Amino acid sequence: MKLTQSFGALLFAAAALAQNVIITLPTEGQSVTAGSNITVDVERPEQLTGFDQVALIISMTSCASGACLPMAEGLDIILYNGAFNPVEPNPNPAHQQPNQNFTVAIPAALQKGEALIGVTQIALVSASLALWVEYQNVTVNVV
Ligand SMILES: *[C@@H]1O[C@H](CO)[C@@H](O)[C@H](O)[C@H]1NC(C)=O
Ligand SMILES: *[C@@H]1O[C@H](CO)[C@@H](O)[C@H](O)[C@H]1NC(C)=O
Ligand SMILES: *[C@@H]1O[C@H](CO)[C@@H](O)[C@H](O)[C@H]1NC(C)=O
């Protein structure tokens with residue numbers, strides 16, 4: 001029983017690692033204009049069976065007047081909340097991993113300066129029906 005449990009935990013950790021998403025756009029330090037639309041490109045290197053995508057949330061918070069709170073303590077402004085269906089571009093001359101481009105609006109009233117764009121991935125591990133949450137972020141410069 002104990003053995004099975006720890007093996008399960010190991011599989012879970014491995015699955016979780018393989019499922020990590022990568023924010024490829026915007027790039028770290030990129031300038032974004034308040035009130036404009038930008039593309040957020042989220043890549044998911046591998047699709048594992050037994051891992052059911054529930055939702056993806058793209059959020060934003062200003063860090064202009066201090067350090068940004070950890071995402072787990074609050075996402076602040078939600079720019080997108082919905083399905084995540086990454087696909088390989090077609091044609092795919094650059095051999096990109098499956099990804100999805102989201103067009104999101106940077107709030108016009110957002111404070112200028114450093115801000116954090118966050119991506120939260122929520123999935124369900126079907127074997128154990130455990131909820132799995134992953135946070136990724138990129139720092140941008142609001143102009
Ligand atoms: C941003 O995108 C939305 C939806 O596509 C569009 O209605 C809006 O005009 C765009 N805003 C700007 C500033 O381009
Ligand atoms: C952003 O991601 C980095 C690297 O994973 C992490 O160290 C940092 O705590 C994250 N920031 C927030 C506000 O969650
Ligand atoms: C998303 O946009 C990037 C940058 O323009 C592009 O390289 C990529 O192929 C696009 N992804 C898809 C699935 O079309």
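The model contains an open sheet of 5 strands in the order E2-E8-E7-E4-E5, with mixed pairing. Strand E2 (31-32) and strand E5 (77-82) are the edge strands, and each pairs on one side only. Strands here are DSSP runs of E with at least two residues and helices are runs of H or I with at least four residues, both numbered from the N terminus; two strands pair if DSSP finds at least two bridges between them.

This is a predicted model, in which local features need pLDDT of at least 70 and side-chain atom pairs count only at pLDDT 80 or more, while totals for chains, interfaces and linings use all residues. Residues are numbered from 1 along each chain as its sequence is written, and chains are lettered from A and ligands numbered from 1 in the order in which they are written.

**Pairing in the five-stranded sheet**

At one edge, E2 runs parallel to strand E8 (residues 130-142), with 2 bridges between them. Ser31 stands opposite Asn141 in E8. On E8 there is also strand E7 (residues 113-125), which pairs with E8 in the antiparallel sense over 13 bridges. In that pairing, Gly113 stands opposite Val142 in E8. E7 and E8 form a hairpin with 4 residues between the strands, and Leu129 takes a positive phi near 55° in this hairpin. Towards the other edge, strand E4 (residues 51-62) is joined to E5 by 5 bridges, and the two run antiparallel. Leu56 has Gly82 as its bridge partner in E5.

**The three-stranded sheet**

Another open sheet has 3 strands in the order E1-E3-E6, with antiparallel pairing. Strand E1 (22-25) and strand E6 (99-105) stand at its edges with a single partner strand each, so one side of each is left without a neighbour in the sheet. From one strand to the next the twist averages 30°; for this angle, axes are lines fitted to C-alpha atoms (for helices over the stretch in contact), and angles run from 0 to 180 degrees between N-to-C directions. Strand E3 (residues 37-43) and E6 run antiparallel and are joined by 7 bridges. Within E6, Val104 is the bridge partner of Ile38.

**The chain as a whole**

The chain has 1 helix and 8 strands, and its elements run α-β-β-β-β-β-β-β-β from the N terminus on. Of its 143 residues, 14% count as buried. A residue is buried if 20 or more other C-beta atoms, placed from the backbone, lie within 10 Å of its own, exposed if 12 or fewer do, and partly exposed in between. Among contacts with a separation of 6 or more, 70% are between residues 24 or more positions apart; a contact means that the C-beta atoms of two residues, placed from the backbone, lie within 7 Å.

**Ligand surroundings**

A residue is placed around a ligand if its C-beta atom, placed from the backbone, lies within 6 Å of it. For the classes, Ala, Val, Leu, Ile, Met, Phe, Trp, Tyr, Cys and Pro count as nonpolar, Asp, Glu, Lys and Arg as charged, and the others, Gly among them, as polar.

| Ligand | Residues around it | Classes in the shell |
|---|---|---|
| Ligand 1 | Ser36, Asn37, Thr103 and Ala105 | 1 nonpolar, 3 polar, no charged residues |
| Ligand 2 | Cys68, Pro70, Met71, Leu116, Tyr135 and Asn137 | 5 nonpolar, 1 polar, no charged residues |
| Ligand 3 | Asp41, Val87, Pro89, Gln96, Asn99 and Asn101 | 2 nonpolar, 3 polar, 1 charged residue |
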